[in-house]
Number of protein chains: 2
Amino acid sequence: MAVVTLKDVAKVAGVSYATISRALSGSPEIGESTRKRVIKICEEMGYTPNAVARSMVMKRTNIIGLIVTSIDNPFMSEMTAHLEIYARQCGYNLMVCNSSYDPALEKEVFSLLVGRKVDGIIMIPVGSESYDALKTQTAQVPTVFIGENMMDLPENFVSVDNTAGMQQATEYLYSLGHRNILYLGARDNSMTHKLRADGYYNACKKLRIEPNVLRNSSARSSVQVGYELAKAHFEQPFSETAILCAADTLAIGVIQAAYEKGIRIPEDLSLMGFDNITFSALPPISLTTVNQPKLELAVSALDMLLNRIKRPETPHTKTILSPSLVIRNSCRAIGNN
Amino acid sequence: MAVVTLKDVAKVAGVSYATISRALSGSPEIGESTRKRVIKICEEMGYTPNAVARSMVMKRTNIIGLIVTSIDNPFMSEMTAHLEIYARQCGYNLMVCNSSYDPALEKEVFSLLVGRKVDGIIMIPVGSESYDALKTQTAQVPTVFIGENMMDLPENFVSVDNTAGMQQATEYLYSLGHRNILYLGARDNSMTHKLRADGYYNACKKLRIEPNVLRNSSARSSVQVGYELAKAHFEQPFSETAILCAADTLAIGVIQAAYEKGIRIPEDLSLMGFDNITFSALPPISLTTVNQPKLELAVSALDMLLNRIKRPETPHTKTILSPSLVIRNSCRAIGNN
DNA sequence: TAAGTATATGAAAACGTTTGCGTAAGATTT
DNA sequence: AAATCTTACGCAAACGTTTTCATATACTTA
């Protein structure tokens, strides 16, 4: 358990500990022979630099904070996996925190990470109100938001074009003959969901069909919420031929409720989601949905953050990636009279 | 961006910075009036202690390293969520790394975390060989393994009783009338999977039925692997009436392959998994499986680790939790002649 | 009132690095 | 051979805390 430090190595090698440091960091101002000798001794003694001490003097931790609403959400865990791997390749480690969809907690963990002196923070915010709440804090450390569109705000973010994606989805259902499409899961506390609903409204207007929206009053879009919304909806007779969900998780909840009611998908009802989480692809689910390019989102976010860490003065940047339709088996064409 | 330090506060408050530190840490040897005054000034100036500097002197980071094979695996992401939340309540943050099922990478990230001076490490190892490879490293920092049974090794771990669980699963299928049960996904590089297979063998012996095992030569148990194994198996005529999988993810892959072949579950084939990941519960999947108590695993692991951090001298401890059968709709009773 | 005891505060060391600056020795130039 | 330049290394400061030890002040007590 006795940890070997620079001083220990220096004593053995018979040089000052500055020399050791230089040998290891590949500094040019050191003799080739001593470098080799020192490195050998370091290996023999099992010396590993103390990252904490290094951070102290270098004023840089090489740690990136990641705040997600909930890591056990397939969309976020996929993204986290991408982020962690790429970050490590760039020499950074990830400190991960759940905000648990709680704005107060989100603020708290943000402060925690600031106190930890992380070099930057990537966050998937609880909702659009997060920005105001964190205004003073994001000034203290480079921050990049993922998912939440902040086009009008002086913030860095990367997201998918939610409006275009949902509009495309609506048009796809229309092209299959659907005229009575229920939009399920609109939320007000999230710009993402506002924009997605916009896409639906835009399409309705363009296609001259009547919008029909079932709102989600909860703060999150989970399987459970989708189940409950759909269950309540299915209690009454309904005339929609398709349901378009604000998120795949919601759609999976709808499948559950439909299953219990004996409503077959896609025979009796067409269903679409948004996000393209891994499990949507499984044949028993086989959800037609809109893909969010998770790897590209992760890479863009990290690149953006790293860039900001290097040059904090650069103006805020915004990246919007294109979503794409993923056609599977949860929708069917119907005759439109 | 100018960060305010103890010295800055001290200057404003007109006291030494030792006093500030004491006021904030709740030390008793300080006047009540100065404490209040100092705290007020700290708040006004927006002072937050530098955790790196604190770690330096306290020789403790309050960071726990978590190494998982892959964070985007529902079992691990659920566990990670539990761990992060509980750890934070205990005053720790989580540094998360993927080993990507690669023993070499696993070793590398372990060293990385040691260099970061994390207070302890929780890891879900790639396989049983991880122990040997990391022997020297686990001596450097308190480590707790999750999932992998190391009953014979001088290590700390918490796991579920894999053998009992799989035996129970086999007996359940037997009780439904199944006599020809394929065990799919046995692996050699993981003690967990060895023990699960043992459970199957034990039950076969006890019930006097012929064991029938399809091995998994890959290093991981993913949906993809399950799909491929089952697909190959379904190419030939087969006589099994049930398939028992070493993991839920494998079973989901089997569902996919069965679906493509027009094999209905449970009508044509009964199917069981192990782990009880969230998605197994969804009606279209509705997998009968064996539950691993993820919250309890997480809590036990962290308690064990925290205990070891406090008292590194304590002997290694091992906790084995009980799995439980979760009966859903992927199995049916058949007449046994 | 003198001596002793609490109590509140300050000074300074320590944690393990990186790095700017100084310098001795060796190499190069004239 | 003297002067200059390079090279290789050591010294010591700095990073921002916590904490031990010393000390000054105020408060008891005889």
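Start by selecting helix H4 of chain B together with DNA strand D: H4(B) gives the most to the surface near that strand, with 5 residues. Keep in mind as you click around that this is a predicted model.

**Stop 1: around DNA strand D**

Now widen the selection to the helices that line this strand. H2 and H4 of chain A, plus H2 and H4 of chain B, each supply at least two residues of the surface near DNA strand D. There are 26 residues around the strand, and the ones that come nearest are A:Thr19, A:Gly31, A:Thr34, B:Leu6 and B:Ser21. Colour the surface by class and you'll get 13 nonpolar, 8 polar and 5 charged residues.

Which part of the DNA faces the protein here? Of the atoms of DNA strand D within 4 Å of the protein, 59% belong to sugar or phosphate, and the rest to bases. Three side chains are worth showing as sticks:

- A:Thr34, with a side-chain N or O atom 2.7 Å from a phosphate oxygen of DNA strand D.
- A:Ser16, where the distance from a side-chain N or O atom to a phosphate oxygen of DNA strand D is 2.9 Å.
- B:Arg54, which has a polar side-chain atom 3.0 Å from a phosphate oxygen of DNA strand D.

**Stop 2: around DNA strand C**

Switch to the other strand. Helix H2 (17–25) and helix H4 (51–58) of chain A, along with helix H2 (17–25) and helix H4 (51–58) of chain B, each bring at least two residues to the surface near DNA strand C. Here H4(A) gives the most, with 5 residues. Of the 26 residues around DNA strand C, pick out A:Leu6, A:Ser21, B:Ser16, B:Thr19 and B:Thr34, which come nearest. Sugar or phosphate accounts for 66% of the atoms of DNA strand C within 4 Å of the protein.

Show these three side chains next. B:Thr34 has an N or O atom in its side chain 2.7 Å from a phosphate oxygen of DNA strand C. For A:Tyr47, a side-chain N or O atom is 3.0 Å from a sugar or linking oxygen of DNA strand C. A:Arg22 goes to a base: one of its polar side-chain atoms lies 3.3 Å from a base oxygen of DNA strand C.

**Stop 3: the sheet of 12 strands**

Hide the DNA and show strands. An open sheet of 12 strands, with mixed pairing, runs in the order E11(A)-E5(A)-E4(A)-E3(A)-E1(A)-E2(A)-E2(B)-E1(B)-E3(B)-E4(B)-E5(B)-E11(B). Why is one side of each E11 strand left without a neighbour in the sheet? Strand E11 (318–321) of chain A and strand E11 (318–321) of chain B stand at the edges, each with a single partner strand, so one side of each stays free of a neighbour in the sheet. On average, neighbouring strands are turned by 20° against each other, direction ignored.

Zoom in on chain B. Strands E4 (residues 143–146) and E5 (residues 156–160) run parallel, joined by 3 bridges, and B:Ile146 stands opposite B:Val158 in E5(B). Then add helix H12 (residues 294–310) of chain B, which packs on the sheet, touching E1, E3, E4, E5 and E11 of chain B.

**Stop 4: the sheet of 4 strands in chain B**

Last, find the open sheet of 4 strands in chain B, ordered E7-E6-E8-E9 with parallel pairing. Strands E8 (residues 242–245) and E9 of chain B are joined by 3 bridges; B:Ile243 has B:Leu271 as its bridge partner in E9(B). Helix H9 (residues 191–207) of chain B lies across E6, E7 and E8 of chain B, at about 170° to E6(B).

Notes
Residues are numbered from 1 along each chain as its sequence is written. Chains are lettered from A and ligands numbered from 1 in the order in which they are written. This is a predicted model: local features need pLDDT of at least 70, side-chain atom pairs count only at pLDDT 80 or more; totals for chains, interfaces and linings use all residues. Side-chain values use heavy atoms; hydrogens and water are left out. A residue is near a molecule or strand if one of its heavy atoms lies within 4 Å of it. A polar contact is a pair of N or O atoms within 3.5 Å; within protein, one must be able to donate a hydrogen and the other to accept it, and residues adjacent in sequence count only if both atoms are side-chain atoms. Two strands pair if DSSP finds at least two bridges between them. Axes are lines fitted to C-alpha atoms, for helices over the stretch in contact, and angles run from 0 to 180 degrees between N-to-C directions. Contact means heavy atoms within 4.5 Å. Ala, Val, Leu, Ile, Met, Phe, Trp, Tyr, Cys and Pro count as nonpolar, Asp, Glu, Lys and Arg as charged, and the others, Gly among them, as polar.
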